[in-house]
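This report describes one protein chain for a reader who has not met it before. The sequence and the structure are shown first, and the description follows.

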Amino acid sequence: MAWIDTLFQRMVQTGASDLHMSSTLRPMFRLHGDMLPVEGCPEITPEQMRQILFEITPERNKQQFDEEWDTDFAYELPEIARFRANLFMDRRGPGGVFRVIPSKILTAEDLGLPKAITDLCYLTKGLVLVTGPTGSGKSTTLAAMIDHINANRTDHIITIEDPIEFVHTEKKCLINQREVHRHTGSFKRALRAALREDPDIVLVGEMRDLETIEIALETAETGHLVFGTLHTTTAPSTVDRIIDQFPAERQAQIRTMLASSLKGVVAQTLCKKQPKGRVAALEILIANNAVSANIREGKVHQIPSAMQMGGKLGMRLLNDSLIEHVRNGLVEPLEAYMKAVNKDDMLAKFKQAGIAFDASKLGEESEGAAPAPNAARPTAPGVQTRPPLPGAQRSAGEPLSLQARPTAKPEPEPESGGLTNPFARFRKKT
């Protein structure tokens, strides 16, 4: 068992979404949206961090990390969960971020996806995009949509991901999942190959560059249903992002292609939920005639007005979802205001709904009650049992106590190889 596996197990037990490992710092969990140091864990040196991370890193990714200073891969603990891993180098040394991928795929019903979104799963062709900032749950929503198709249609689905996150088992559909750099050279190469693999539905994990976006548009135009993701915060900005990827002389052509192929955009933002957890606020764009005309004519700024008029089709703006969560007591007004893109409109909706909120006082409370420099920081629940770091020097059977031990002698540095036990360093500091 790898040293970091104990942290992964505790991560799943506590409901944390991410584990952050940074050299010279304590490991941290993201729990209900907050970053919290793991209780009882010490700081880890760069040398120790490299050994911890490389213990679970595939050989190909080790080589890529040494050459390019970052790499992505998936790691699985059987019967516990899969984890999406990103290793990186920063000013402190090696680091890593691990996102938990539940072994059970949440269904559209589990997530409470509106009918307008599940209706997109019954299209036979076109482009459907799920967008949002990093960590907003795009992969979870896409997995739920693919699972819905898998349960209700009899089609061939090809997914192209980096890395593979949710693992789908066949229900009514045949599903081929391909991982970039493991099963194919790149997104664009896999997309081109997909056209010769008789797909009905193609999922592109990330539309990163111009060529990938162009092939995805062509695939959608040739009678396939294409799902993809972009890192944009609203539906109109998604349209702008796609068009702006292309040179000016090609943008008129791309607007025409996008107007005919785009079927829907789901832009989502995760908010802190009361009393704990997180909830998604959804902005939904359904491409009706008005939206398509705005895209074709380059009037993207008029799309929000078309969305307001399209409520019967299930369209909604982000602020509409945010104010609904506030009314239902799921989200605090401050959290909704912070997540809103159009903050003036959010203030107007607060006033209209009779919700007391004074934006002019933002920051006053924190300025008047600044924490002391040495104030204790909240911590995530600790790991109950921790194996020593690989190569750590510890007597057989010695418990990994995190309490100060005045009579204990400092542990000697190893002469070569190996690493000192970081918990011993922590004991000295306490």
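Two strands are said to pair if DSSP finds at least two bridges between them. In this predicted model, Phe-83 stands opposite Val-100 in β6. The pairing of β5 and β6 is antiparallel and runs over 9 bridges, and a hairpin of 2 residues connects β5 to β6.

**Confidence of the model**

The average pLDDT of the chain is 85, and 84% of the residues score at least 70. Residues 365-370 have a pLDDT below 50, and this stretch has 0 contacts in the model beyond near neighbours in sequence. Residues 390-430 also have a pLDDT below 50, but 67 contacts are found for this stretch beyond near neighbours in sequence. Where pLDDT is low, the predicted coordinates should not be read in detail.

**The antiparallel sheet**

The strands β5 and β6 belong to an open sheet of 6 strands with antiparallel pairing, ordered β3-β2-β1-β6-β5-β4. The edges are taken by β3 (34-37) and β4 (70-77); each has a single partner strand, so one side of each lacks a neighbour in the sheet. On average, and with direction ignored, neighbouring strands here are turned by 25 degrees against each other.

Strand β1 (residues 18-22) pairs with strand β2 (residues 28-31) in the antiparallel sense over 3 bridges. Leu-19 has Phe-29 in β2 as its bridge partner. Helix α3 (residues 59-68) packs on this sheet and touches β4, β5 (81-90) and β6 (93-101). The direction of α3 makes about 155 degrees with that of β4.

At the β4 edge, β4 and β5 are paired in the antiparallel sense over 8 bridges, and Ala-74 has Arg-84 in β5 as its bridge partner. The hairpin of β4 and β5 has 3 residues between the strands, and Glu-79 in this hairpin takes a positive phi near 65 degrees.

**The mixed sheet**

A further open sheet contains 7 strands in the order β9-β8-β10-β11-β7-β12-β13, and its pairing is mixed. Here β9 (174-179) and β13 (278-286) stand at the edges with a single partner strand each, so one side of each is without a neighbour in the sheet. From one strand to the next, the twist averages 15 degrees.

Parallel pairing is found between strand β7 (residues 126-131) and strand β11 (residues 225-230), over 6 bridges. Within this pair, Val-130 has Thr-229 in β11 as its bridge partner. Helix α6 (residues 138-152) packs on the sheet and touches β7, β8 (156-161), β9, β10 (201-204), β11 and β12 (262-272). The direction of α6 makes about 165 degrees with that of β11. Helix α7 (residues 187-194) also packs on the sheet, with β8, β9 and β10 as the strands it touches. For α7, the angle with the direction of β8 is about 165 degrees.

**Backbone features in loops**

Two cis peptide bonds are listed below, each with the loop that holds its proline.

| Residues joined | Omega | Place of the proline |
|---|---|---|
| Asp-162 and Pro-163 | about -5 degrees | Pro-163: loop between β8 and β9 |
| Gln-274 and Pro-275 | about 0 degrees | Pro-275: loop between β12 and β13 |

Thr-24 is not a glycine, yet has a positive phi of about 70 degrees. Thr-24 is placed in the loop between β1 and β2, and its relative accessible area of 38% makes it partly exposed. Asp-198, also not a glycine, has a positive phi of about 55 degrees. The loop between α7 and β10 holds Asp-198, which is exposed, with a relative accessible area of 63%.

**Two buried helix residues**

Thr-212 is part of helix α8 (residues 210-221). Buried means under 20% relative accessible area, and Thr-212 therefore counts as buried at 2% relative accessibility. The side chains of Thr-212 and Asp-209 are joined by a polar contact of 2.7 Å. Leaving aside residues up to four places away in sequence, Thr-212 touches Phe-187, Lys-188, Leu-191, Val-204, Glu-206 and Met-207.

Asn-319 belongs to helix α13 (residues 318-327) and is buried, with a relative accessible area of 4%. Apart from residues up to four places away in sequence, Asn-319 touches Ala-340, Val-341, Asn-342, Asp-345, Met-346 and Lys-349.

Methods. Residues numbered from 1 in each chain as written. Predicted model: local features only at pLDDT ≥ 70, side-chain atom pairs only at ≥ 80, totals over all residues. Heavy atoms only, no water. Helix = DSSP H or I, 4+ residues; strand = E, 2+ residues; numbered from the N terminus. Buried < 20%, exposed > 50% of the residue type's maximum accessible area, 1.4 Å probe, protein only. Polar contact = N/O pair within 3.5 Å; in protein donor to acceptor, adjacent residues only side chain to side chain. Contact = heavy atoms within 4.5 Å. Axes fitted to C-alpha atoms, helices over the stretch in contact; angles between N-to-C directions. pLDDT = per-residue confidence, 0-100.
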